[in-house]
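Trainee: I should like to go through this model and ask, term by term, on what grounds each label is given.

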Amino acid sequence: MEKPKKFYLTTPIYYANSRPHAGSAYTTIVCDAIARYKRMRGYEVAYLTGTDEHGVNIERAAEKLGISPAELVDRNQKIFRDLWKLLGIQQTHFIRTTSTEHARAVQTLVRRTLRRTPHAIYKAKYEGRYCIYDNLYVSDSPEPANCQICGRPAELISEENYFFRLSAYQDKLLALYRERPDFVEPDFRLNEVKSFVEAGLKDVSISRKSIKWGIPWPDDPEHVFYVWYDALTSYMSGIGFGQGADGDAGPEFKKFWPADLHMIGKEIIRFHAVYWPAFLMAAELPLPDKIFAHGWLLFEQEKMSKSKGNIAHPEPIVKAFDEIAGANVGNDALRYYLLREVVFGQDGNFSREALITRYNADLANGLGNLASRVLAMIESYFESRVPEPTSDSSITKFVSSSLESIAREHYDRYRFSAAVRDVWRLIAQVDAYLVQEQPWKIAGDPVHRPRLREVLYSAAEALRIIAALAHPVLPDATQQIWRCLGQPGRLADLQLDSLAWGGLKAGTRITKPDAVFPRVEVEELSERIEAMENDIRNPAAAAGGPGAGAPTAAPAGTGSAATTAAAPGAGNAKITIDDFAKVELRVGVVKSAERIPNADKLLKVFVDIGDEVRQVLAGIAMAYAPEDLVGRKVVVVTNLAPRKMRGQESNGMLLAASAGADGKPVLCTFAEEIAPGSKVK
Ligand code: ME8
């Protein structure tokens, strides 16, 4: 009998000292796509993620906030869980390193190591430089040194520690890389790792005396475990290591260990490809099958990172897309962009404009448009029933052959951008086929009925296959298309091995979808994301300050308070006079105004408010020419927190009414003479 196929994959466990950004979400989204794909290939998948909750940086972050480390990690792990839920991540296991089962697993691992390879661990004095931000031993000398990852000065550590005899594993590790050349991927990363090991390995300290916030060393509780020994063990504790009757393993561990894939970012490769296999060898445990190190998501050419503050958060992207498109498309938009734009394994740049542009071009105009057109034609010409084809069409072969290559050559090898590119080639092919056959032209002529059947059957069948192949990347939209094609159940349950041309049955009742990916206006969405992003950066203002309230603060500085009041979520709640008094309104006189390159709606307006001239960005370019504004009296909200749009700062907001169905802005002004700076109340 064939052995049941299982696949165990992990993300790193995330530092719980701050909230995740799009770079952190990248690893999780990639793994989610792999997990979904593997399930569609018949694997029982275990997918682990979690939070890394010990270490000095957690201790210090909590101290800064005046709360305990336990409170901090409790709060932050929830932010991670909520984000994964929002992003539709289907992890099966979530491990927290502060859980008792994890502590037991770490202690079990070290006990087991001491039993099986007693000389692997010893006690000695440690003096060296350590980076508390990256939890990295920067140098083994007390001389000042900067961290290789973040560049900040490393701290001096001098204490007695437990050491792991990594130096004894040099030959074994080199043999591992030789015998299993795909243990580390991509191959250029394996070469880096090999060179590092060939240069000689030093023993590593795996305990700390100076820290309290960690897992106590068994029978020597003055020491706590070094965070990387602790964190790496989560890959096993998360599936039950240390929980079984024999102290070593529960049934899930027995079933899923060793892991098939540890997906990580490139900066933590040494911990995974050098330390981790050595720790496991010393404990006589099987090694994972593969470590895959992906590249970084860059923001303005630098690594997106919380310590540098150059970050984009996923929540505003997903929520703003859903809101502006009026449909559940944000998740798919973000996943598509990350998996398509970044060549997997390499660094990739993140740009909000590119994300929205790709959405409009590839999702709205591409897949969404194809689905709507094909289904609408079947509804009109065949009373919503899939027609019976007479023969194979010219796209049959193309679709059938792509099916195999997209799965085996791309998805199987984690080449997402190539997989997605080829699915979109199929879409282009079907589009071209429709343009060539022009079913809308022959529909009225009974002579062409057989050809019309063939064309629309082929287009619908191609759409079904495209939906299935794109599902790991676009789980929401493809499920909707699947349902509209009259296919029962969850697309996630489809087995790709059974996917073949001809599976769509003639006579199946279809439904026309609402727009699968409604088009969005780049600038409007970009501004909305920026406003939500500002609310995350500046939570105090979002919670109560002027212009506050995430859902309604969007047009701040865009000159359209009237639109703000009507925005979804504003509701009809009454405010008190004190609430109103919080908003400082003043008369302004426009000194000059100019357009902003590549922003159709925005004008940069310099406005005199009595004691200063303010720069305000206003979303009025469609209604006013910059030169017509000079000398105009306007109403300015002057105590709004500054915010950036299109890289430019806006320091206030111009009040405007929103006229007609298209919401054209009309600026508030005064008929009488009035001095700039006068209060409006
Ligand atoms: O490293 N682009 O946690 P972490 C792509 N706790 N990936 C990024 C990224 C970016 N800009 N920024 C972060 C840790 N990541 C340890 C792991 S595992 C036993 C312990 C990725 O929160 C990063 O590469 O700093 C890593 O894969 C993940 O986010 C967690 O990073």
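Mentor: The structure is a predicted model, and the discussion below sets computed values against the cut-offs behind the labels.

Trainee: Which domains does the assignment give, and how far apart are the centres of domain 1 and domain 2?

Mentor: The domain assignment gives domain 1 (6-299), domain 2 (349-498) and domain 3 (551-667). The centres of domain 1 and domain 2, taken over C-alpha atoms, are separated by 42 Å.

Trainee: How do you know that domain 1 and domain 2 are in contact?

Mentor: Contact requires heavy atoms within 4.5 Å. By that criterion, 17 residues of domain 1 are in contact with 18 residues of domain 2. The area buried between the two domains is about 1,700 Å², and carbon and sulfur atoms give 63% of it. Of the area that domain 1 buries against domain 2, Y37, M40 and R41 supply 44%, more than any other three residues.

Trainee: What polar links cross from domain 1 to domain 2, and which elements of domain 1 give two or more residues to that side?

Mentor: Seven residue pairs are in polar contact between domain 1 and domain 2. The elements giving two or more residues to the side of domain 1 that touches domain 2 are α1 (22-40) and β15 (297-299). The largest share, eight residues, comes from α1. The residues on this side of domain 1 divide into eleven nonpolar, one polar and five charged.

Trainee: Why is the pair of R41 and D497 called a salt bridge?

Mentor: The label requires a side-chain nitrogen of Lys or Arg within 4 Å of a carboxyl oxygen of Asp or Glu. The side chains of R41 and D497 meet at 3.4 Å, N to O, so the pair satisfies the definition. The rule finds two salt bridges across the interface of domain 1 and domain 2, and the structure holds 39 salt bridges. R41 lies in the loop between α1 and β3, and D497 in the loop between α18 (475-484) and α19 (522-537), so the pair ties together parts that are 456 residues apart in sequence.

Trainee: What makes R41 buried and D497 exposed?

Mentor: Buried means under 20% relative accessible area, and exposed means over 50%. R41 has 8% and is therefore buried. D497 has 51% and is therefore exposed.

Trainee: How do you know that E222 and K209 form a salt bridge?

Mentor: Their side chains meet at 3.9 Å, N to O, and the limit is within 4 Å, so the pair qualifies. E222 lies in strand β12 (residues 220-225) and K209 in the loop between β10 (207-208) and β11 (216-217), so the pair ties together parts that are 13 residues apart in sequence. E222 is exposed at 53% relative accessible area, whereas K209 is partly exposed at 27%.

Trainee: What makes the link between H54 and D230 a polar contact?

Mentor: A polar contact needs a pair of N or O atoms within 3.5 Å. The side chains of H54 and D230 make such a contact at 2.6 Å. H54 is in the loop between β3 (44-52) and α2 (56-65), and counts as buried at 5% relative accessibility. Beyond residues up to four places away in sequence, H54 touches T97, T98, W213, G214, I215, V227 and D230.

Trainee: Why is R180 called partly exposed, and what does its side chain meet?

Mentor: Partly exposed covers the values between the limits of 20% and 50%; R180, at 27% relative accessibility, therefore receives that label. A polar atom of the R180 side chain lies 2.8 Å from the backbone oxygen of P288. R180 also touches L287 and D289.

Trainee: What makes the phi of E383 and of Q438 noteworthy?

Mentor: Most residues other than glycine have a negative phi. E383 is not a glycine, yet has a positive phi of about 50°. E383 lies in the loop between α13 (352-382) and α14 (396-410). Q438, likewise not a glycine, has a positive phi of about 45°, and lies in the loop between α15 (416-437) and α16 (439-442).

Trainee: Which peptide bonds are cis?

Mentor: Most peptide bonds are trans. The bond from E185 to P186 is cis, with omega near -5°, and the bond from W257 to P258 is cis, with omega near 5°.

Terms used: Residues are numbered from 1 along each chain as its sequence is written. This is a predicted model: local features need pLDDT of at least 70, side-chain atom pairs count only at pLDDT 80 or more; totals for chains, interfaces and linings use all residues. Side-chain values use heavy atoms; hydrogens and water are left out. Domain bounds come from an automatic or database domain assignment. Buried area is the accessible area (1.4 Å probe) that two parts lose on being put together, summed over both. A polar contact is a pair of N or O atoms within 3.5 Å; within protein, one must be able to donate a hydrogen and the other to accept it, and residues adjacent in sequence count only if both atoms are side-chain atoms. Helices (H or I, at least four residues) and strands (E, at least two) are DSSP runs, numbered from the N terminus. Ala, Val, Leu, Ile, Met, Phe, Trp, Tyr, Cys and Pro count as nonpolar, Asp, Glu, Lys and Arg as charged, and the others, Gly among them, as polar. Buried means under 20% relative accessible area, exposed over 50%, partly exposed in between (1.4 Å probe, protein chains only).
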